[in-house]
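I am opening a notebook on a structure that is new to me, and I will write down what I look up as I go. The entries start with a single pair of side chains and widen from there.

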Amino acid sequence: MDQENKHLVNIPSSFYSFKEEGPFQHCVECDRFLLDESCDYVIEKAIRNYPDYKASDVIFDYAICMDCAMEIQKGLSAESMRKIQEFMQDHLHQNMTMREPAADPDSYTEHCLVSNRPVAECEEFQIFAYCRGNKVNLQMPPYMISGQVLDQISELLSPETRDELDGFFNKHFAPDPSLMEPTPRLVLI
């Protein structure tokens with residue numbers, strides 16, 4: 001394995017498209033082919049656990065190329081970006097230093113990156129992975145954020161940023177209305 005690619009490992013099935021039942025192949029925004037080895041992109045999946053039934057369900061999932069993700073981020077308010085960065089800096093330092101390097105990408109999503117809460121104790125959570133082609137990039141390891149932390153982050157958003165993210169969500173997903181109560185889940189690009 002050459003030095004440049006030693007941090008790239010196969011994408012685990014937990015980051016596969018729910019709809020396609022396999023790896024994401026196209027950017028949700030521009031339809032760019034993602035499995036080209038030079039394409040960097042992000043996968044985001046929102047999941048709801050049903051502990052009484054020992055089951056879970058995907059609320060939404062998508063992959064977006066980095067060019068489109070950066071373009072969408074330009075539409076977010078500077079105030080929201082600053083507040084999110086401050087929140088993450090305040091809450092991530094301790095958990096980031098506690099994370100051990102691992103070859104299994106799924107091991108990074110077993111606990112919330114911010115609260116360290118186990119995934120099994122989360123009613124809702126979102127997982128994220130930075131990928132290149134058909135690989136996960138472990139230089140930026142996958143992570144999980146619990147629904148409670150997402151709610152805290154959501155409170156930091158300006159109305160303009162909330163509108164921008166809601167617009168992205170509404171453009172790409174046609175969710176069951178019961179999933180939208182009281183408001184859509186936070187999409188973090």
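**Entry 1: a salt bridge and its partners**

I began with K171 and E29, whose side chains meet in a salt bridge, with 3.0 Å from N to O. I noted that this pair links distant parts of the chain, since K171 lies in helix α4 and E29 in the loop between β1 (8–10) and β2, 142 residues apart. The model I am reading is a predicted one.

I then looked up how open the two partners are. K171 has 56% relative accessibility and therefore counts as exposed, the cut-off for exposed being over 50%. E29, at 29% relative accessibility, counts as partly exposed.

**Entry 2: other salt bridges**

How many salt bridges does the count come to? I found eight salt bridges, and I looked up two more of them. K74 forms a salt bridge with E71, and their closest N and O atoms are 3.3 Å apart; K74 is exposed, with a relative accessible area of 63%. In the other, the side chains of R117 and E121 meet at 4.0 Å, N to O. I recorded R117 as partly exposed, with a relative accessible area of 26%, and E121 as partly exposed too, at 48% relative accessibility.

**Entry 3: the chain as a whole**

Stepping back, I listed the secondary structure of the chain, which comes to four helices and six strands. Read from the N terminus on, the elements run β-β-β-α-α-β-β-β-α-α. Of the 189 residues of the chain, 43% count as buried, and the chain exposes about 10,800 Å², of which carbon and sulfur atoms supply 49%. I also looked up the contacts with a separation of 6 or more, and residues 24 or more positions apart account for 66% of them.

**Entry 4: the nonpolar core**

Which residues have the most contacts inside the largest nonpolar core? I found that this core has 49 residues, and that those with the most contacts inside it are L34, Y41, I64, M88 and I145. At least two residues of this core come from each of β2 (40–50), β3 (55–65), α1 (66–73), α2 (78–98), β4 (124–132), β6 (143–146), α3 and α4 (159–172). The largest share, six residues, comes from β3.

I followed M88 further: leaving aside its neighbours within four places in sequence, M88 is in contact with V114, I145 and I153.

**Entry 5: strand β6 and its partner**

I145 led me to β6, where I wanted to know what lies on each face. Both faces are covered, with Y143 and I145 buried on one side and M144 and S146 buried on the other. Strand β6 runs antiparallel to β4, and four bridges join the two. In this pairing I127 stands opposite M144 in β6.

**Entry 6: helix α3**

I153 sent me on to helix α3 (residues 147–155), whose buried residues are G147, V149, L150, I153 and S154. Why do these residues lie on the same side of α3? They cover an arc of only 155 degrees around the axis, and that puts them on the same side of the helix.

Key
Residues numbered from 1 in each chain as written. Predicted model: local features only at pLDDT ≥ 70, side-chain atom pairs only at ≥ 80, totals over all residues. Heavy atoms only, no water. Buried < 20%, exposed > 50% of the residue type's maximum accessible area, 1.4 Å probe, protein only. Arc of directions from axis to C-beta. Core = buried A, V, L, I, M, F, W, Y, C linked by side-chain atoms within 4.5 Å. Contact = heavy atoms within 4.5 Å. Areas by Shrake-Rupley, 256 points an atom, 1.4 Å probe, with all protein chains shown as cover. Pairing = 2+ DSSP bridges.
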